Amino acid sequence: RADVLTIGEAMVTVRCAGPLRLGGDSRVSTAGAEANVAIALSRLGHTARWTGALGDDEPGELVLRTLRAEGVLTDHVVRRTEAPTGLLLRDVAAGGRARVHYYRRDSAASTLSWDEVRPAVEAGQTGLHLTGITPALGPAPLEAVAAAAEHAREAGAWVSLDVNHRSLLWSREAAVRALRPLLPYVTVLIASDDELDLVADGDGERDRVAALLDAGVEEVVVKRGAAGASYHDARASFDVPARRVPVVDVVGAGDAFTAGYLSGRLDGLDAYGRLDRATLLGAASVACAGDWEGLPTRAELPALALPDGETLR
Ligand code: ATP
């Protein structure tokens, strides 16, 4: 039994220091929002299971090896000989802007089905973490995620959904159609401020949050990058600032933040404690290169909470 099960696509990522067209040095690692959350939770001492489909190829081996090295359970991962592991190239465009290039169409994950996911869900979990990325991969993953949410809730688990809109994968209209039917199963909804309108109607954030709470979502967490985050439930609403850290790499901040929130939830922290841990992890991710490499272990958490800029001696 896992504390958290998460389902998604994990890929190999190749990061180029400058524009890809110029070639040069690059760094190979793994990526995938759900896998990032699983690694973050595992480092904090929770039992995290990740499932998904990988190709029977070297990138698939790297993903598995990374997850296993981080203590993430991979006992229900599907391997395919007929489709490859997805690939994500990152480079830096003119003006210094980070850019991603996906090679994930027809990847092993794009046909992930409910039949394939079901054994992992039936293995049991306290919480099921989903993102809006998996349903964007194709009709089968969309169905798998919906069925997983329904089954997990029926079995008494909570379900978290990070909207994580990826405009390179689908349109906002398609995301609206796919994500709203999931809401009856969602306990914790996490979204960036510009993603709330995908899951709720209303005039402004206040109305949209109210609509989500009316729809049965118990906790709504809104991410605002360097401006911090907000929390809402039926009783309370408050804002928290981000921690001030040197910005090295903003990619992965959202996943780290989400994992911090879920970790606090598993530990029974109150809403302020959950947001505090989320904020710490988001800042830790921003301050280090890589999506998950710089995330803290449980033992490192207290040091993270020291005042900004303090040196450990
Ligand atoms: P991504 O999809 O790139 O992982 P996101 O848009 O889902 O990110 P953000 O809102 O960028 O998520 O960040 C999530 C949280 O991480 C913020 O609420 C904040 O607490 C923290 N964070 C993000 N950027 C910074 C920053 N520059 N400095 C400190 N903390 C940050």
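This report walks through two sheets and some of the helices in a predicted model.

## The eight-strand sheet

Let's start with the sheet that has 8 strands. It is open, its pairing is mixed, and the strands come in the order E4-E1-E9-E10-E11-E12-E13-E14. If you're new to sheets, here's the basic idea: strands pair through backbone hydrogen bonds, either parallel or antiparallel.

Look at the two ends of that order. Strand E4 (48–51) and strand E14 (237–240) are the edge strands, and each has a single partner, so one side of each has no neighbour in the sheet. On average, neighbouring strands here are turned by 15° against each other, direction ignored.

## Inside that sheet: E9 and E10

Now zoom in on one pair. Strand E9 (residues 125–131) and strand E10 (residues 158–162) run parallel and are joined by 5 bridges. To find a spot where they face each other, look for Gly127, which stands opposite Trp158 in E10.

How covered is E10? Mostly covered: 5 of its 5 residues are buried. That goes for both faces, with Trp158, Ser160 and Asp162 buried on one side and Val159 and Leu161 buried on the other.

## Helix H1, lying across the strands

Helix H1 lies across strand E1 (2–7), E4 and E9, and runs at about 160° to E4. H1 spans residues 33–43 and is mostly covered, with 11 of its 11 residues buried.

Which residues of H1 are buried? They are Ala33, Glu34, Ala35, Asn36, Val37, Ala38, Ile39, Ala40, Leu41, Ser42 and Arg43. So the list takes in Glu34 and Arg43 as well as Val37, Ile39 and Leu41. In general, an α-helix has 3.6 residues a turn, so residues three or four places apart point the same way. After H1 comes Gly45, which has a positive phi, near 95°.

## The four-strand sheet

There's another open sheet with mixed pairing, made of 4 strands in the order E3-E2-E7-E8. Its edge strands are strand E3 (26–31) and strand E8 (98–103), and each of them pairs on one side only. Neighbouring strands in this sheet are turned by 25° against each other on average, again ignoring direction.

Strand E7 (residues 87–92) and E8 run antiparallel, with 6 bridges joining them. One bridge to look for links Arg90 with its partner Val100 in E8. This sheet has a helix packed on it too: helix H2 (residues 58–69) touches strand E2 (11–16) and E3, and its direction makes about 65° with that of E3.

## Two helices side by side: H8 and H9

Finally, have a look at helix H8 (residues 253–266) and helix H9 (residues 271–286). They pack at an angle of about 150°, with their axes 7 Å apart. That angle makes H8 roughly antiparallel to H9, since anything over 145 degrees counts that way. H8 passes H9 in a right-handed crossing.

Who makes the contact? From H8, the residues include Ala253, Phe257, Gly260 and Tyr261. From H9, they include Leu275, Ala278, Leu281 and Val286. Sorted by class, the contact has 8 nonpolar, 6 polar and 3 charged residues. Arg265 of H8 and Arg274 and Arg277 of H9 are among the residues that take part.

How values were computed. Residues numbered from 1 in each chain as written. Predicted model: local features only at pLDDT ≥ 70, side-chain atom pairs only at ≥ 80, totals over all residues. Heavy atoms only, no water. Buried < 20%, exposed > 50% of the residue type's maximum accessible area, 1.4 Å probe, protein only. Axes fitted to C-alpha atoms, helices over the stretch in contact; angles between N-to-C directions. Parallel < 35°, antiparallel > 145°, perpendicular 65-115°, else oblique. Left-handed = near helix turned anticlockwise from the far one by under 90°. Contact = heavy atoms within 4.5 Å. Nonpolar A, V, L, I, M, F, W, Y, C, P; charged D, E, K, R; others polar. Pairing = 2+ DSSP bridges.
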